[in-house]
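This report addresses the pockets and two of the helices of the structure shown below. The pockets are taken up before the helices.

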Amino acid sequence: MRKKFVAGNWKMNMLGKEAGQLARGVAGGVASVTDEVDVVLAPPFTALRIVAEAIEGTGIRLGAQDVFWEERGPYTGEISPAMLVDAGCEWVIIGHSERRNVLHETDAMVRKKIDAALAEGLRVIVCVGETLEEKEGGETVTVVDGQVESALSGLEIRDPSRLVIAYEPIWAIGTGHNATPEEAEFVHATIREIAGKILGGVADRIRIVYGGSVTEDNITELLAEPDIDGALVGGASLRADAMTSIVLKAGE
Ligand code: PGA
């Protein structure tokens with residue numbers, strides 16, 4: 001049985017004070033299920049410390065939305081894995097489609113970030129997913145396969161709880177059009193198969209979560225699918241009541 005996993009990706013939202021309030025709101029609501037569900041909040045870098053304080057002792061874990069692969073040095077604007085650990089992070093999101101598309105992050109960059117983050121002891125949520133054009137061209141599996149292979153080949157994962165793969169079809173992110181549970185399950189099962197070829201038996205114990213317009217209204221049907229182990233939540237994670245409800249439903 002894989003433990004359910006729900007992460008809130010706040011993206012470029014929340015100033016310090018509102019971040020603290022949101023984190024406290026979620027922490028208060030989900031306390032009863034943090035043994036059954038891994039809950040991660042990923043605020044922007046500038047709110048990491050305030051959220052770290054707000055969730056201290058609550059069972060919620062702190063995550064960052066990105067990381068750089070070098071340890072230190074002349075990389076203006078970048079944040080190292082050790083800096084994230086220092087700020088209280090246990091998790092980091094890597095390869096989000098907004099970074100791949102808006103900031104031109106490549107598979108190779110994503111892979112360097114994964115290696116650096118794992119080496120520092122961080123746990124990694126790696127995102128994969130196809131564009132609408134690729135979906136309509138019937139290329140979903142090819143695209144996602146390529147991203148998973150690049151992210152995982154040669155990686156040694158002994159502890160499956162340290163890696164989460166997020167399937168986030170780009171056409172479903174922030175659009176209100178989520179993939180149907182069946183569509184998502186098909187891709188999740190494919191990802192598990194590829195991960196199994198690369199990592200071996202441990203792939204059965206890696207969480208594969210869905211992202212893209214997840215709300216309190218569709219989480220239950222998504223989680224009813226055998227290979228959907230949780231969610232990476234964007235927009236809905238900015239509301240304490242919606243995020244709480246998603247986590248509680250994941251714990252049912
Ligand atoms: P969304 O974003 O829930 O707002 O669609 C998900 C994500 O990008 O992680």
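## Second largest pocket

In this predicted model, the lining of the second largest pocket consists of nine polar, five nonpolar and two charged residues. The lining comprises 16 residues, and those nearest the pocket centre are G174, S213, V214, G234 and G235. The volume of the second largest pocket is about 170 Å³.

## Largest pocket

The largest pocket has a volume of about 410 Å³. Its lining is made up of 16 residues, with K11, M12, Q65, D66 and R99 lying nearest the centre.

Sorted by class, the residues lining the largest pocket are eight nonpolar, four polar and four charged. Helix α4 (residues 97-102) supplies three residues, the largest share of this lining.

## Helix α7

Helix α7 covers residues 140-152, 13 residues in total. At 1.5 Å a residue these should span 18 Å, and the C-alpha atoms at the ends of α7 are 18 Å apart, so the expected and computed values agree.

Which residues of α7 are buried? They are T140, V143, V144, Q147, V148, A151 and L152. These residues lie on the same side of α7, because they cover an arc of only 140° around the axis. The spacing has a general basis: an α-helix has 3.6 residues a turn, so residues three or four places apart point the same way.

The buried residues of α7 pack against the helices α4, α5 (107-119), α6 (132-136) and α8 (181-199), and against the strands β5 (123-128) and β6 (163-167). Just after α7, G154 adopts a positive phi of about 80°.

## Helix α5

Helix α5 has 13 residues. From the first C-alpha to the last, α5 reaches 18 Å, close to the 18 Å expected at 1.5 Å a residue.

The buried residues of α5 are V110, R111, K113, I114, A116, A117 and L118. Their cover includes the helices α3 (81-86), α4 and α7, together with the strands β4 (91-94) and β5. Just after α5, G121 takes a positive phi of about 90°.

## Elements in common

Helix α4 recurs in these descriptions: α4 contributes three residues to the lining of the largest pocket, is packed against by the buried residues of α7, and is part of what covers the buried residues of α5. Strand β5 likewise appears in the surroundings of the buried residues of α7 and of those of α5.

Methods. Residues are numbered from 1 along each chain as its sequence is written. This is a predicted model: local features need pLDDT of at least 70, side-chain atom pairs count only at pLDDT 80 or more; totals for chains, interfaces and linings use all residues. Side-chain values use heavy atoms; hydrogens and water are left out. On a 1 Å grid over the protein atoms alone, a cavity is a set of points where a 1.4 Å probe fits but cannot get out, and a pocket is an open set with protein on both sides within 12 Å along at least five of seven lines; lining residues have an atom within 4 Å of a point. Grid points are joined across faces, edges and corners, and a volume is the space filled by probe spheres set on the points. Helices (H or I, at least four residues) and strands (E, at least two) are DSSP runs, numbered from the N terminus. Ala, Val, Leu, Ile, Met, Phe, Trp, Tyr, Cys and Pro count as nonpolar, Asp, Glu, Lys and Arg as charged, and the others, Gly among them, as polar. The expected span of a helix is 1.5 Å times one less than its number of residues. Buried means under 20% relative accessible area, exposed over 50%, partly exposed in between (1.4 Å probe, protein chains only). The arc is that of the directions from the helix axis to the C-beta atoms. Contact means heavy atoms within 4.5 Å.
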